[in-house]
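Here is a short briefing on one protein structure. Take a look at the model first, then read the points below.

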Amino acid sequence: MFTDEAALEERLATPSPALVADLARLEGDLLVLGAGGKMGPSLCRLARRALDAGGRSDVTVYAVSRWSDKAAAAELEADGVRTVAFDLMDPAADLGALPDAGNVIFMVGAKFGSAGAPSHAWAVNAAMPDRVARRWSTSRIAAFSTGNVYPLVPLSSGGCTESDPVGPVGEYAMSCLGRERIFDHAALTRGTKVTNIRLNYAVDLRYGVLADIASRVQSGEPVDLTTGHANVVWQGYANEVALRSLLHATDGEAFTLNLTGPETASVRRLAQWFGEEFDREPVYIGAESPTALLSDASRCHALFGYPEVALRTLVEWQADWLRRGLPLSGKPTKFQVRDGRF
């Protein structure tokens, strides 16, 4: 359990021996683009800790963001991460001004508001990756994508594998597939080593699918069952896999990886568990649909092992977080959306 955000960040920044061993093999510095988002600071801090533990203090971790939150940037600097204030969407911005690096984690994305401003979503999610891929054409690039590139599938399917046909629904999902295709093209035509990471719902306790459901149960608000199933995963594991996937990046054909937990989690069951935690009977609306956005992450688990934090443990942590009145991001995941309009 965690008593405050500092304790949570400490857990998120604790590397596994496998991560330490992998990052000790990196050639060149590590550049994280979009480091100021929900997962970026903890990923940068985790990378710094792992590199130091592996005796690689010679590798610099650069965290690139606009850094409108100066306090967050200062905290990363104190932890040994080099922050770089840079607006990647500035049309006059010269990416050549950013550091060279042998390894790039691409975390930039636009999701919420994409239904009302689809051109912006395409500019961020598809056009910007072309500039990035050209700037760091000789680097290894691990690019965050999303399971939204897949269609909704029957619950009995076990979720889409990486080799299943894509079927993005809505402008956001289509633009994310565009991002993958741009990086695919760089791998195919310029020999850039690329990993595309299709993530389904990282859990950080301050936000995530579990926070969405738990908050409603705790407050007595109804839980919508229409999207009755989802995949979630501990954010510490998601960040570890993203970093370790750099060594699996390939040219010719980009390496694609589903990243999520092993369970097809029932929203009703999760609400029941939170009801037990809060001693409150959940209230439901809607009925479970026969399809959901689901990914099969068996390739990820075979390569990197299962997530170290079990789903039921995440539920216990999430409930305790809310009981203590610890902060939430106030940014729901909207995992219930089925028409692709975010």
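The points below cover one strand, the aromatic ring pairs and the charges over rings.

This is a predicted model. Its strand β12 is mostly covered, and the structure holds seven aromatic pairs.

**Strand β12**
- Strand β12 spans residues 255-259, and five of its five residues are buried.
- Both faces are covered. Phe255, Leu257 and Leu259 lie on one side, with Thr256 and Asn258 on the other.
- Strand β7 (residues 193-199) runs parallel to β12, and five bridges join the two.
- Leucine 259 in β12 has leucine 199 opposite.

**Aromatic pairs**
- Seven aromatic pairs occur in the structure. One of them joins phenylalanine 106 and phenylalanine 183 edge-to-face, with centres 5.5 Å apart and 65° between the planes.
- That pair links distant parts of the chain: phenylalanine 106 sits in strand β4 and phenylalanine 183 in helix α6, 77 residues apart.
- Phenylalanine 106 and phenylalanine 183 are both buried.
- Tyrosine 172 and phenylalanine 342 also pair edge-to-face, at 5.4 Å centre to centre and 75° between the planes.
- Here tyrosine 172 belongs to helix α6, while phenylalanine 342 lies in the segment after α11, 170 residues apart.
- Tyrosine 172 counts as buried because its relative accessibility is 9%, under the 20% cut-off.
- Phenylalanine 342 counts as buried because its relative accessibility is 7%.
- Phe2, Trp234 and Trp317 form a cluster linked by ring pairs.

**Charges over rings**
- Lysine 38 lies over the face of tyrosine 207, 4.7 Å from the ring centre.
- Arginine 268 lies over the face of tyrosine 284, 5.0 Å from the ring centre.

How values were computed: Residues numbered from 1 in each chain as written. Predicted model: local features only at pLDDT ≥ 70, side-chain atom pairs only at ≥ 80, totals over all residues. Heavy atoms only, no water. Buried < 20%, exposed > 50% of the residue type's maximum accessible area, 1.4 Å probe, protein only. Helix = DSSP H or I, 4+ residues; strand = E, 2+ residues; numbered from the N terminus. Pairing = 2+ DSSP bridges. Phe/Tyr/Trp six-rings, centres within 6.5 Å; stacked < 30°, edge-to-face > 60°. Lys NZ or Arg CZ within 6 Å of the ring centre and 35° of its normal.
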